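Visitor: I should like to take a close look at a single part of this model, namely the meeting of its domains, and then to follow it into the surroundings. Please give one connected account.

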Amino acid sequence: MAAKINPDWHPDTLAVRAGHERSPWGETAEALYLTSGFCYPDAETAEARFKGENEGFVYSRYGNPTIETFHQRMIALEPGAEACTATASGMSAVFGALASYLNTGDHVVASKALFGSCWQILANILPRWGINATLVDGGDLKAWEQAFQPNTRAVFLESPSNPLLTLVDIEAVSKLAHDNRADCLVVVDNVFATPLAQHPLTLGADVVVYSATKHIDGQGRVLGGAILGSEQHREEVLLPFLRHTGPSLSAFNAWLLVKGLETLSLRVDRSTASALHLAQVLESHPKVARVAYPWLESHPQHALAKKQMSHGSTLIAFEMAGGQQEAFDFMRRLSLIDVSNNLGDSKSLITHPGTTTHRAMDEDMRNELGINERLMRLSVGLEDARDLEADLLAALG
Ligand SMILES: *Cc1c(COP(=O)(O)O)cnc(C)c1O
């Protein structure tokens with residue numbers, strides 16, 4: 001299915017060209033195949049295609065040409081990936097990657113600094129099927145080592161984490177996991193790093209998951225997700241589960257995500273440069289008590305960030321002195337940056353994680369993670385950094 005790719009092409013070329021197969025009309029843009037089903041010349045062909053003896057599509061829950069273009073483009077941008085499987089949202093990618101692999105009685109070790117819904121899956125949903133998780137301090141390698149059990153069959157981690165941008169040493173944890181048990185599936189949620197800043201599969205992870213809703217769409221339009229790994233993992237583990245449970249990406253959303261990938265590096269580079277500048281501005285402001293940003297030397301895991309990432313993030317976490325009221329008042333005084341819990345958008349967005357994205361988490365766990373009532377998370381968009389700086393400074397007063 002893949003269109004011709006020159007192995008010498010660089011990522012920015014692949015982001016625009018990979019997976020593009022033109023229809024007989026020769027359209028310049030990728031075609032949008034908004035169709036649920038496909039027709040066959042005769043019943044014999046239909047039978048052959050269902051048997052897998054004839055290449056082609058059968059139904060969009062199983063596959064679709066526009067979704068296939070998205071797959072090929074994602075594979076081209078993710079070093080170490082042989083296969084991609086798109087899903088309807090980032091959460092269906094996270095759940096699908098874990099539920100397709102784990103059986104009753106299996107155990108998961110995960111870093112506890114997790115996006116709220118990832119935490120729900122591990123703490124409340126998988127245990128209903130007898131799959132329990134141990135949550136560890138992701139920065140503590142001893143804690144990881146001690147958490148492994150003979151029945152540990154998966155590791156799940158986010159690095160940098162949402163919202164506090166704490167890191168996990170992906171290479172070291174992948175090694176511990178595989179030394180403990182060769183078939184332990186190491187799954188990395190790479191949303192905050194994007195495919196540009198960090199390549200978990202080259203660091204020893206088995207599977208990378210994305211919420212394509214975030215930087216990959218990047219313009220706040222659609223939900224989507226992706227699971228990347230080996231061809232064998234897709235064929236033997238993912239497809240038998242996902243085809244029948246149905247968290248398929250819509251072809252329309254796949255088309256928007258394909259177009260989003262074309263500008264991913266331009267957008268992420270711009271937002272990351274602005275974020276680094278704004279993190280420095282915030283850090284040097286007397287009213288700001290703490291800034292968490294991996295590319296600042298003050299980040300406790302700055303050395304690890306430099307080792308496993310190629311640049312910082314488009315997100316910044318910070319605290320002002322005071323409590324929730326001071327944070328809410330600050331957010332009210334912003335006139336350019338919007339209050340919204342989405343991230344990775346062209347528009348700069350700010351949220352108060354403790355009362356929104358991480359509200360459903362146990363209070364004890366929030367406190368343990370440092371998601372206190374002062375904490376805010378800023379997703380830096382594409383506006384001029386000078387205007388964003390002026391907005392933050394005016395709201396700080
Ligand atoms: C948003 C997000 C998700 C979930 O993605 P959806 O597309 O909203 O389902 C998972 N992990 C992280 C780190 C996220 O930021």
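How many residues of domain 1 are in contact with how many residues of domain 2?

Guide: The model is a predicted one, and the account below should be read accordingly. Its chain is divided into domain 1, residues 11–261, and domain 2, residues 265–396. Across the boundary, 39 residues of domain 1 are in contact with 39 residues of domain 2. The centres of the two domains, taken over C-alpha atoms, are separated by 27 Å.

The nonpolar interior comes next. The largest nonpolar core contains 39 residues, and those with the most contacts inside it are Leu98, Leu102, Leu122, Phe156, Val187, Val209 and Ile227. At least three residues of this core come from each of domain 1 and domain 2. A second core, separate from it, has 31 residues, including Ala305, Phe318, Ile337 and Ile350. In soluble globular proteins, nonpolar side chains tend to be buried together. Within the largest core, Val187 may serve as an example: leaving aside residues up to four places away in sequence, Val187 touches Ala97, Leu98, Val155, Phe156, Leu157, Val207 and Val209.

Helix α9 adds to this picture. The helix runs over residues 231–245, 15 residues in number, and spans 20 Å from its first C-alpha to its last, close to the 21 Å expected at 1.5 Å a residue. At Leu238 the helix α9 bends by about 55 degrees, and Pro240 follows within four residues. Leu238 is also one of the buried residues of α9, which are His233, Arg234, Val237, Leu238, Leu239 and Leu242. The elements covering these buried residues include the helices α3 (65–77) and α4 (90–99), together with the strands β1 (83–87), β5 (185–189), β6 (207–211) and β7 (225–229). After α9 comes Gly246, with a positive phi near 85 degrees.

Charged side chains supply a further set of links. In the whole structure, a search finds 17 salt bridges. One of them joins Lys307 and Asp169, with an N to O distance of 3.4 Å. Lys307 belongs to helix α12 (residues 302–308), whereas Asp169 sits in the loop between β4 (152–158) and α7 (170–180), so this pair ties together parts that are 138 residues apart in sequence. The partners differ in their surroundings: Lys307 is exposed, at 53% relative accessible area, while Asp169 counts as buried, at 15%.

Other salt bridges can be set beside this pair. The side chains of Asp183 and Arg181 meet at 2.5 Å, N to O. Here Asp183 is partly exposed, with a relative accessible area of 32%, and Arg181 is likewise partly exposed, at 26%. The salt bridge of Asp329 and Arg332 has an N to O distance of 2.8 Å. Both residues lie in helix α13 (residues 324–333); because they are three residues apart there, about one helical turn separates Asp329 from Arg332. Asp329 counts as partly exposed at 23% relative accessibility, whereas Arg332 counts as exposed at 59%. Finally, a network of salt bridges links Glu30, Arg73, Lys259 and Glu262.

Definitions and conventions: Residues are numbered from 1 along each chain as its sequence is written. This is a predicted model: local features need pLDDT of at least 70, side-chain atom pairs count only at pLDDT 80 or more; totals for chains, interfaces and linings use all residues. Side-chain values use heavy atoms; hydrogens and water are left out. A nonpolar core is a set of buried Ala, Val, Leu, Ile, Met, Phe, Trp, Tyr and Cys residues joined through side-chain atoms within 4.5 Å. Buried means under 20% relative accessible area, exposed over 50%, partly exposed in between (1.4 Å probe, protein chains only). Domain bounds come from an automatic or database domain assignment. Contact means heavy atoms within 4.5 Å. A salt bridge is a side-chain nitrogen of Lys or Arg within 4 Å of a carboxyl oxygen of Asp or Glu. Helices (H or I, at least four residues) and strands (E, at least two) are DSSP runs, numbered from the N terminus. The expected span of a helix is 1.5 Å times one less than its number of residues. The bend at a residue is the angle between axes fitted to the seven residues ending there and the seven starting there.
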